[in-house]
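Trainee: Could we take a close look at a single part of this model, the sheet and the helices that lie across it? I should like to understand how such an arrangement is described.

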Amino acid sequence: SAISALTPDEPAGALALAAARAGVAVISMHTNLDRSPAGAEAFPDLLGLRILEPLESPVPGRAPQVAMGRLCEVESTTLGGFASRVGTALGVSPRVWGDADTPIMRVAVGNGSVRGLIPAALAMGADVLLGGEVRYHDALDAVAAGLPIIEAGHDATEWPMVGLLADVVRSVLGAGAVIEEPTSLGWWTAKGE
């Protein structure tokens, strides 16, 4: 959401004010990057998936490849096996909705929140929807409709785009203009006793 007021009392406002004081420009292009071909394909590329087509329907006036999500193919596996592969690639423990033995070949992939991609994933015959997060009731509805869900963490599914942004800034401002922090989770999971 857009910042409605820049005040030091709100975390987003305090961050924007600190950046301005330090002479740092902040560019927020989150959803635009998710829709860009390079952004939408970075996560499937990291997983070695074969990209078939965009998930989001074409928008008039926009190139067809500028769309959220991608429908991909993976070598025949199971939901449990694929979720483990995702976890290993990102260094996370994904949350999985559905039967671990479900066969998987067609994967709908999106960055961050993917609940809006559920109808497209179902319509395109995806065997699973992989993304960062899905609301509880939307996940239940998707599984009831035959679409398992893998939630890998909103942040983790967008990490593959950090390098894309860094490369763009380097190409304009030079190699010394970018400090790329290593990826790290801002959260952790606790095990029950």
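Mentor: Let us begin with helix α6, residues 136-144, which lies across β3 and β6 and runs at about 45° to β3. This is a predicted model, in which local features need pLDDT of at least 70 and side-chain atom pairs count only at pLDDT 80 or more, while totals for chains, interfaces and linings use all residues. Residues are numbered from 1 along each chain as its sequence is written, and side-chain values use heavy atoms, with hydrogens and water left out.

Some terms need their definitions. Helices (H or I, at least four residues) and strands (E, at least two) are DSSP runs, numbered from the N terminus. Contact means heavy atoms within 4.5 Å. Angles run from 0 to 180 degrees between N-to-C directions, and the axes are lines fitted to C-alpha atoms, for helices over the stretch in contact.

A second helix, α4, spans residues 79-90 and lies across β2, β3, β4 (103-109), β5 (128-131) and β6 (149-151). Its direction is at about 115° to β2.

These strands belong to an open sheet of six, in the order β1-β2-β4-β5-β6-β3, and the pairing is mixed. The edges are formed by β1 (50-54) and β3 (95-97); each has a single partner strand, so one side of each is left without a neighbour in the sheet. From one strand to the next, the twist averages 25°.

Two strands are said to pair if DSSP finds at least two bridges between them. In general, the strands of a sheet pair through backbone hydrogen bonds, either parallel or antiparallel.

Consider now the end of the sheet that begins with β1. Strand β2, residues 70-78, is joined to β1 by four bridges, and the two run antiparallel. On its other side in the order, β2 pairs with β4, again in the antiparallel sense, over six bridges.

One residue allows us to follow the connection across these three strands. R70 of β2 is the bridge partner of P54. In β4, the bridge partner of R70 is V109. One may therefore trace a path from P54 to R70 and on to V109 while crossing the sheet from β1 through β2 to β4.

When you examine the side chains along these strands, keep one rule in mind: in a regular strand they alternate between the two faces of the sheet.
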